[in-house]
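Visitor: I would like a close look at a single part of this structure, the salt bridges. Could you walk me through them, and then add a few words on one residue in a strand?

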There are 2 protein chains.
Amino acid sequence: MRPIWHDEVSDRVKVIDQRKLPHHFETLELATVDDAIYAIKAMVVRGAPLIGATGAYAVFVALKNAGDAAAEDAFIRREAERIKAARPTAVNLAWAVDRSINRVTAQSDGSARIRAARDEAAEIAEEEVQNCQAIGRYGLALIEPIAGRKSGAPVNILTHCNAGSLACIAYGTATAPIYEAFKKGIDIHVWVDETRPLNQGARLTAWELGRQGVPHTVIVDNAGGHLMQHGLVDMVIVGTDRTTYTGDVANKIGTYLKALAAKDNDIPFYVALPSSTFDWTIQDGVADIPIETRDPDEVRYMPGFKGEPGYLLMPETSPAGNYAFDVTPARLVTGFITERGICKATEEDIRRLFPDR
Amino acid sequence: MRPIWHDEVSDRVKVIDQRKLPHHFETLELATVDDAIYAIKAMVVRGAPLIGATGAYAVFVALKNAGDAAAEDAFIRREAERIKAARPTAVNLAWAVDRSINRVTAQSDGSARIRAARDEAAEIAEEEVQNCQAIGRYGLALIEPIAGRKSGAPVNILTHCNAGSLACIAYGTATAPIYEAFKKGIDIHVWVDETRPLNQGARLTAWELGRQGVPHTVIVDNAGGHLMQHGLVDMVIVGTDRTTYTGDVANKIGTYLKALAAKDNDIPFYVALPSSTFDWTIQDGVADIPIETRDPDEVRYMPGFKGEPGYLLMPETSPAGNYAFDVTPARLVTGFITERGICKATEEDIRRLFPDR
């Protein structure tokens, strides 16, 4: 099951409500553009490739609901801007929406445009699945020699947030090499950062890994440095929401701290990403990648469950800050695992893999 | 009000139940040694200086309840070992218990021993208060020049966990310089790491700062690196549970990650501690300071409130790890703020301040 899909019978777009996992499995229909924007903003769907696919499906939903306006370029472009503004950090959103709009506006007829948008969204989703499969194969080649050196002892991989199938349609980016290694019978164990404030690691990555039977242990975000100091981490693999062509990596807040600890302990730190997550326009990631700040209540409260109110973690009067991402400078990144292979976190090596961008 | 006190009228030892803050203010009586051991283990009381004082008061409680056994050295030493084993990382516990036992066993009469234990515990608590006051004065001298350079803009100090009055009888170690600066009218703002898994920052530091009117913002533990990259942190001050004579600093899990980020961004990283927290026997902190592992359910669940059950953060079947501390190597520490002044994190400079140890 994928986190987003188009139901052929009903002609409707549906998503897994990722806010409810792991305790409840619920799906939602994206009946309107506003539904899709809400789903992206509220993190019903999240993860850069999935946000991109959702953006593309939102264009389809917009056209499907538009009636005669589907033929009007001004309408389409206005809707596209609204969709692209839903969240600022993941570059895949703008990339996918622009890709859809380019294809749609090449048609003039309204119903041809609707079909074009539907097909483009499906193709984007399918491409991301294939990207993840390729990332898995290339990443496996990094894990195998570690497994060889450890001669039977488990390979310990640390990951932050969720760059799994829930984030990426299938397989995941950071998790694809893990699943490949697991399938090959490599003894693997994953340290899952819980990833405050929204606990994507504890809720989503642990759920995915558990369903696949991959051994894992959830830790607080504070613990990774200690584990690395004590030889308990062989490799770090994370995803990214936007990576500059110079190799700076925006990813879920806290990634930078893990990259520093990996560097300090000579542990390889890899970022797995499809080419749709590269930003070919930004040179300095720390200075120029827009970092979303979200509702402080996400930090202040743990969500309730079974209808209970949330648990307030701090005094009623204490303010909270909620920066959603940080940027790991290229100097801390060992390499990128992409659908075209592995490269170093330098402009030269990125362009070697992607001369066409 | 202090987090531990001896009630003269009832001759009983009482503590604030820090597990319940900030939403409920409750006190507990330590009527037996087992009560005291439970209070330390379950973190009813926590923080290195307070754990030390609680250990000393536990010796008093042991003797008070002992009847004729109070005169027996074997009994006293057995109880002392039980108390010292309650938690492994904070060196203050063994330090305070040993100090009490030395004084107690210099007496032979049972009731003289009880009085000696009570007086020693009170003196230890009082000394820690004075230590904190001195730390506050020395630390202020570090904040004043930053305030001068910022000419009116707030001085942003980041702290991790709670090294405040709740941890240290009064004033706190890491918070004492902050309170001193605030009293002097320096515009100060504190970034409070929530400090998973037990949220001592969000629950306790935010509560303390709020009561004193000190401006502060609670952040997730993941956020500090991003803030430092963007010039939003002027200085880090943390406490410690055990610091080697060579300058390696054991403190609440996650401290090491913040120290790495401070180093990477040229931000001063200070550790505030009374001399009771130095360990004069361990040379290599990363290798040899015992790091407590605690119940994984502390990671798996957020505590409930108002009688509600706790909130399970991850799938029922996912295991969790719970390392309570990490060690920050001396090379990442700008300096120590002690009751005798400020020194660098080197054996030479530590011994300059403490030639008598």
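Guide: Here is a tour of selected salt bridges, followed by a stop at one threonine. Please keep in mind that this is a predicted model.

Over all chains, a search of the whole structure finds 60 salt bridges. A good place to begin is Asp98(A), which pairs with Lys84(A), the closest N and O atoms being 2.7 Å apart. This pair links distant parts of the chain: Asp98(A) belongs to helix α4 (residues 91–105) of chain A and Lys84(A) to helix α3 (residues 73–84) of chain A, 14 residues apart. Asp98(A) counts as partly exposed, because its relative accessibility is 32%.

Next, a bridge that involves both chains. The side chains of Arg196(A) and Glu194(B) meet in a salt bridge at 2.6 Å, N to O. The pair crosses between chains: Arg196(A) sits in the loop between β5 (188–193) and α8 (200–212) of chain A, and Glu194(B) in the loop between β5 (188–193) and α8 (200–212) of chain B. Are these two residues buried or exposed? Both Arg196(A) and Glu194(B) are buried.

Back within chain A, Arg351(A) forms a salt bridge with Glu347(A), with 3.0 Å between the closest N and O atoms. These two residues are 4 residues apart in helix α13 (residues 347–353) of chain A, so about one helical turn separates Arg351(A) from Glu347(A). Arg351(A) has a relative accessibility of 32% and therefore counts as partly exposed. Glu347(A) is also partly exposed, with a relative accessible area of 32%.

Salt bridges can also join into a network, and here is one such group: Arg99(A), Arg103(A), Glu120(A), Glu123(A) and Glu127(A) are linked in this way.

For the last stop, please turn to Thr338(B), in strand β15 (residues 335–338) of chain B. Thr338(B) counts as buried because its relative accessibility is 0%, and the cut-off for buried is under 20%. What does its side chain reach? One polar contact of the Thr338(B) side chain is with the backbone nitrogen of Arg340(B), at 2.9 Å. Another is with the backbone oxygen of Gly341(B), at 2.9 Å. Leaving out residues up to four places away in sequence, Thr338(B) touches Ile135(B), Tyr138(B), Leu273(B), Phe278(B), Leu353(B) and Phe354(B).

Methods:
Residues numbered from 1 in each chain as written. Chains lettered and ligands numbered in written order. Predicted model: local features only at pLDDT ≥ 70, side-chain atom pairs only at ≥ 80, totals over all residues. Heavy atoms only, no water. Buried < 20%, exposed > 50% of the residue type's maximum accessible area, 1.4 Å probe, protein only. Polar contact = N/O pair within 3.5 Å; in protein donor to acceptor, adjacent residues only side chain to side chain. Contact = heavy atoms within 4.5 Å. Salt bridge = Lys/Arg side-chain N within 4 Å of Asp/Glu carboxyl O.
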